[in-house]
Amino acid sequence: MEKNKVSIVVPVYNAGKYLKRCLDSLVNQTYSNLEIIIVNDGSTDNSKYICETYQQEDERILLLEQKNQGVSSARNFGLKHVTGDYVMFVDSDDWIEKDTCEQLLKYAVKEHASIVTSSPINVSENGEKEEMVRTGKIQHVNVASEFSFLDEKVLGVVWGSLYRQDCVKNLEFETDIFVGEDTIFYAQAVSRCQEIVFVSDGFYNYVNYSASAAHGKIDEKKMTNLKAWEKIADIFKDNQRIRDSAKGAYGRQCAYFIHRMCATGEKENPYYTLCKKGMKNTWKYIMKDPNTKNRLYYRLMYFVPGVYCRLKHS
């Protein structure tokens, strides 16, 4: 298995506060045949110095520099330098368990999977880490006949997965999508493969920061997430079942935005009406969500969002 090189792409922008934790988790992996590609996206803090220090100590690290252009551009720059057989993405404010590469690669090789996706380990901003007991349970999903974006295992993010190189070769992150850019990339990778293995064990520590791109007021940049789902539906235009699940995910995102706007008193936000319309237009698709609680949530968000938010946040 050691003959397979794993390339890890790490975009970095002003991450000095968290960067050592991230890089320590990479250089100390139990699997050693790694290529760690760090892209410094024009950081103005001490991130560059930290990256240079690690590069001097570990020959597996390739440090790339560019002017600040955003996370998508940084990932694209990193992808151009990938030489590994498999590819991973790690954000500089997160970190992975020490046996992540070893375990995910084991599943990829043994199960002949093009993509191996693990469960996330959720970490709060104050450092509280979700407890997860490893069971080793896996689930094979045939893309053409079983894959669905409404499946709760499908997170629609690029981190937490190991990709066979041919699944992502020549793919690029879209730089005009500010929320959901990784969802499109993940969808494109999925469209190129036949089999995905989902692992119940957690390997990727995802820190939920209140200041991240996914939080804050619903604005034009966040609404590009809906544009992302429109593009994903088009990617799977030849598979009606997956396309319909992407339309359902569009409606689900509209419901989430409505929830956010109600909870923060933004009902006058012009995007509120647009999201209500989006739910209406995708109603038959979101009602295909296999989770009963989710279907109830969608109904509440569409018909009585204010009541739900008052009860939820009181």
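Biologist: Is Tyr-186 buried or exposed in this model?

Modeller: Keep in mind that we are looking at a predicted model. Tyr-186 is found in helix 7, and its relative accessible area is 1%. Buried means under 20%, so with 1% Tyr-186 is buried.

Biologist: Which residues is Tyr-186 in contact with, leaving aside its neighbours within four places in sequence?

Modeller: Let's go along the chain. The list includes Thr-117, Phe-147 and Val-154. Gly-156, Val-157, Val-158, Ser-161 and Tyr-163 are also among them. The list is completed by Ile-196 and Phe-198.

Biologist: How far apart in space are Tyr-186 and Asn-126, C-alpha to C-alpha?

Modeller: In sequence, Tyr-186 and Asn-126 are 60 residues apart. In space, their C-alpha atoms are separated by 29 Å.

Biologist: Helix 7 also packs with helix 3; at what angle?

Modeller: Helix 3 covers residues 71-79, and helix 7 covers residues 181-191. Their axes lie 10 Å apart. The angle of packing is about 35°.

Biologist: Which residues of helix 7 meet helix 3?

Modeller: On the helix 3 side we find Val-71, Ser-72, Arg-75 and Leu-79. The residues of this contact divide into 3 nonpolar, 1 polar and 3 charged. From helix 7 come Glu-181, Asp-182 and Phe-185.

Biologist: With which residue does Arg-75 form a salt bridge at 2.9 Å?

Modeller: Side chains of opposite charge can pair when their charged atoms come close. For Arg-75, the closest N and O atoms of the pair are 2.9 Å apart. The partner sits in the loop between strand 4 and strand 5, 16 residues away from Arg-75. That partner is Asp-91.

Biologist: Are Arg-75 and Asp-91 buried or exposed, and which residue is linked with them in a network of salt bridges?

Modeller: Both Arg-75 and Asp-91 are buried. The network of salt bridges links these two with one residue that also takes part in the contact between helix 3 and helix 7. That residue is Glu-181.

Biologist: Why does Lys-153 count as partly exposed?

Modeller: Lys-153 forms a salt bridge with Asp-151, with closest N and O atoms 2.7 Å apart. Partly exposed lies between the cut-offs of 20% and 50%. Lys-153 counts as partly exposed because its relative accessibility is 28%.

Biologist: What accessible area do Phe-303, Val-304 and Val-307 have together?

Modeller: Val-307 lies in helix 13 and is partly exposed, with a relative accessible area of 37%. Phe-303, Val-304 and Val-307 form a nonpolar patch on the surface. Together their accessible area is about 260 Å².

Terms used. Residues are numbered from 1 along each chain as its sequence is written. This is a predicted model: local features need pLDDT of at least 70, side-chain atom pairs count only at pLDDT 80 or more; totals for chains, interfaces and linings use all residues. Side-chain values use heavy atoms; hydrogens and water are left out. Patches are made of residues with over 30% relative accessible area and no salt bridge: like charges are joined within 9 Å, nonpolar side chains (Val, Leu, Ile, Met, Phe, Trp, Tyr) within 5 Å. Accessible areas come from the Shrake-Rupley method with a 1.4 Å probe; for residues, only the protein chains shown count as cover. A salt bridge is a side-chain nitrogen of Lys or Arg within 4 Å of a carboxyl oxygen of Asp or Glu. Helices (H or I, at least four residues) and strands (E, at least two) are DSSP runs, numbered from the N terminus. Buried means under 20% relative accessible area, exposed over 50%, partly exposed in between (1.4 Å probe, protein chains only). Axes are lines fitted to C-alpha atoms, for helices over the stretch in contact, and angles run from 0 to 180 degrees between N-to-C directions. Contact means heavy atoms within 4.5 Å. Ala, Val, Leu, Ile, Met, Phe, Trp, Tyr, Cys and Pro count as nonpolar, Asp, Glu, Lys and Arg as charged, and the others, Gly among them, as polar.
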